[in-house]
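Biologist: Could you take me on a close look at one part of this protein, working outward from a single side chain to whatever surrounds it? I would like to follow it on the screen as you go.

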Amino acid sequence: MGCSFSGLNALYDAVNGGGDVWINENRFKIVRQLGEGGFAYVYLVKEVVNVSSPASSGGGAAAVGGGLSKKVKDKSHLSGDGTYAMKKVLIQNNEQLELVREEIRVSSLFNHSNLLPLLDHAIISVKATQEGSLNHEAYLLFPVHLDGTLLDNSAAMKAKKEFFSTTDVLQIFRQLCAGLKNMHNLDPPYAHNDVKPGNVLLTHRKGQSPLAILMDFGSARPARRQIRSRSEALQLQVIIFYFPFPFTFWDYIFYSFIIVFHQYHFQQPYEWASEHCSAPIRAPELWDCPSHADIDERTDIWSLGCTLYAIIELIDYIYTCSKPLLRNPVSIYHFVSFRYGVSPFEYALGESGGSLQLAIVNAQIKWPAGPKPPYPEALHQFVTWMLQPQLAVRPHIDDIIIHVDKLISKFSN
């Protein structure tokens with residue numbers, strides 16, 4: 001789905017002060033800012049109904065109340081109280097513009113209850129720069145989930161010495177698998193490339209396990225790649241470039257754009273995987289890719305295994321590194337605190353001479369010692385099965401779903 005450019009696509013007034021925003025024909029009132037980071041801001045907005053559209057002053061027809069409901073095909077995505085999350089992205093160059101357009105295009109491909117839908121979007125031109133070129137602003141509208149992410153919820157539960165039940169763990173994980181299956185079954189198959197606790201939204205439901213929704217498709221791309229030369233392998237794999245896990249839900253909405261800052265600031269390109277995949281959950285083949293390889297959607301299975309590990313191992317792990325932020329763009333580990341949600345391999349960052357890359361490539365899983373939540377050993381074995389370092393023997397998403405359904409049946413009572 002392409003992006004149209006029009007001065008009427010997104011008219012706004014005093015956004016920071018709680019003004020109104022037009023996204024195409026629909027008007028939204030800014031309720032409050034939810035977060036910011038990089039080049040993006042996220043607001044809680046409320047749809048304004050029974051008002052005239054911007055075109056109505058020129059004789060156009062007035063917008064009918066609940067105009068968004070006419071545009072959104074799946075009515076289950078509509079808010080009962082008219083509130084939504086709106087991401088505003090400041091676009092300063094053509095590279096950033098193409099990234100936003102690609103995120104919009106990819107997000108529009110998916111329609112599944114466990115994938116966060118893009119409800120509407122607009123990109124507008126803003127005042128010219130000194131060089132005479134145009135900047136742009138993008139507005140992306142999503143359902144709002146104020147209960148936060150799996151990362152947020154697990155950290156809060158950890159502080160209260162609470163844990164998800166085994167049934168809840170498996171039900172949350174099963175929903176993630178369902179969303180990924182939808183992506184993997186597209187033609188061509190798509191990989192999310194950044195499955196992690198901070199990219200999983202939770203909505204609490206009375207008497208049920210939480211609803212889990214996978215978000216942030218800024219890294220999603222066609223999954224299957226044929227590598228037939230060393231240069232192609234090097235383009236795919238990574239340099240050691242790592243952004244730490246943020247600690248709030250809203251930070252994750254911006255991290256698909258923060259990588260752009262590095263290229264803009266340092267004028268330094270880097271490989272695909274380091275741009276699109278968070279280092280601690282990145283599959284081995286994206287760290288050390290052979291010169292002849294067939295990469296597929298099972299890179300997501302590795303990340304799923306890391307995510308399940310994070311759910312069942314509520315870890316207090318703190319790593320502090322002395323390298324100043326931005327002093328060395330190839331190794332950014334600036335006073336990082338990993339409280340919860342670490343992968344099975346981040347222990348290597350805290351060890352003298354430790355290497356995250358070597359720990360991942362060799363699948364050196366480290367289960368923390370000490371008191372742990374009472375999860376069955378079968379979940380540990382499940383994680384290990386998904387973290388197969390050889391892509392050829394790693395299970396597919398259908399295999400994972402069959403196994404998790406068996407575990408749900410076994411432990412539901």
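Modeller: Let's start at Lys 87, which sits in strand 4, the stretch covering residues 83–91. Please keep in mind that we are looking at a predicted model. Is Lys 87 buried or exposed? Lys 87 counts as buried because its relative accessibility is 2%, and the cut-off for that label is under 20%. If you look for a partner for its side chain, you will find Glu 103: the two side chains make a polar contact at 3.2 Å.

Strand 4 also takes us to a pocket. Together with strand 9, strand 4 is on the list of elements that each give at least two residues to the lining of the second largest pocket. That pocket holds about 320 Å³ of space. Its lining is made up of 17 residues, and those closest to the centre are Ser 76, His 77, Pro 143, Val 144 and His 145. By type, the lining splits into 9 nonpolar residues, 7 polar ones and 1 charged one.

From strand 9 it is an easy step to His 204, which lies in the loop linking strand 8 (200–203) with strand 9 (211–214). Here the picture changes: His 204 is described as partly exposed because its relative accessible area is 43%, which falls between the cut-offs of 20% and 50%. Beyond its sequence neighbours up to four places away, His 204 touches Asp 147, Asn 153 and Pro 210. With Asn 153 there is also a polar contact, side chain to side chain, of 2.7 Å. Gly 148 gives you another way to see how the chain folds back here: 56 residues separate it from His 204 in sequence, while their C-alpha atoms are 9.8 Å apart.

Asn 153 brings us to helix 3, which spans residues 150–159. Asn 153 is among the buried residues of this helix, along with Leu 150, Leu 151, Asp 152, Ser 154 and Met 157. At the start of helix 3, Thr 149 has a side-chain oxygen that comes to within 3.2 Å of the backbone nitrogen of Leu 151. Just past the other end, Lys 161 adopts a positive phi of about 60°.

Leu 150 then leads on to helix 8 (residues 299–312), where you will find Thr 307. Setting aside neighbours within four places in sequence, Thr 307 is in contact with Leu 150, and also with Leu 176, Val 195, Lys 196 and Pro 197. Thr 307 is classed as buried because its relative accessibility is 0%.

Since you work at the bench, you may wonder about the cysteines. Cys 306 counts as buried at 1% relative accessibility, and Cys 289 does too, at 0%. How many disulfides does a search of the whole structure find? The count is 0.

Finally, let's zoom out. The chain has 413 residues, and 54% of them are buried. It contains 11 helices and 14 strands. Of the contacts in the chain with a separation of 6 or more, 69% are between residues 24 or more positions apart. The contact between Thr 307 and Leu 150 is one to look at on your screen with that in mind.

Conventions:
Residues are numbered from 1 along each chain as its sequence is written. This is a predicted model: local features need pLDDT of at least 70, side-chain atom pairs count only at pLDDT 80 or more; totals for chains, interfaces and linings use all residues. Side-chain values use heavy atoms; hydrogens and water are left out. A disulfide is a pair of cysteine sulfur atoms within 2.5 Å. Buried means under 20% relative accessible area, exposed over 50%, partly exposed in between (1.4 Å probe, protein chains only). Helices (H or I, at least four residues) and strands (E, at least two) are DSSP runs, numbered from the N terminus. A polar contact is a pair of N or O atoms within 3.5 Å; within protein, one must be able to donate a hydrogen and the other to accept it, and residues adjacent in sequence count only if both atoms are side-chain atoms. Contact means heavy atoms within 4.5 Å. On a 1 Å grid over the protein atoms alone, a cavity is a set of points where a 1.4 Å probe fits but cannot get out, and a pocket is an open set with protein on both sides within 12 Å along at least five of seven lines; lining residues have an atom within 4 Å of a point. Grid points are joined across faces, edges and corners, and a volume is the space filled by probe spheres set on the points. Ala, Val, Leu, Ile, Met, Phe, Trp, Tyr, Cys and Pro count as nonpolar, Asp, Glu, Lys and Arg as charged, and the others, Gly among them, as polar.
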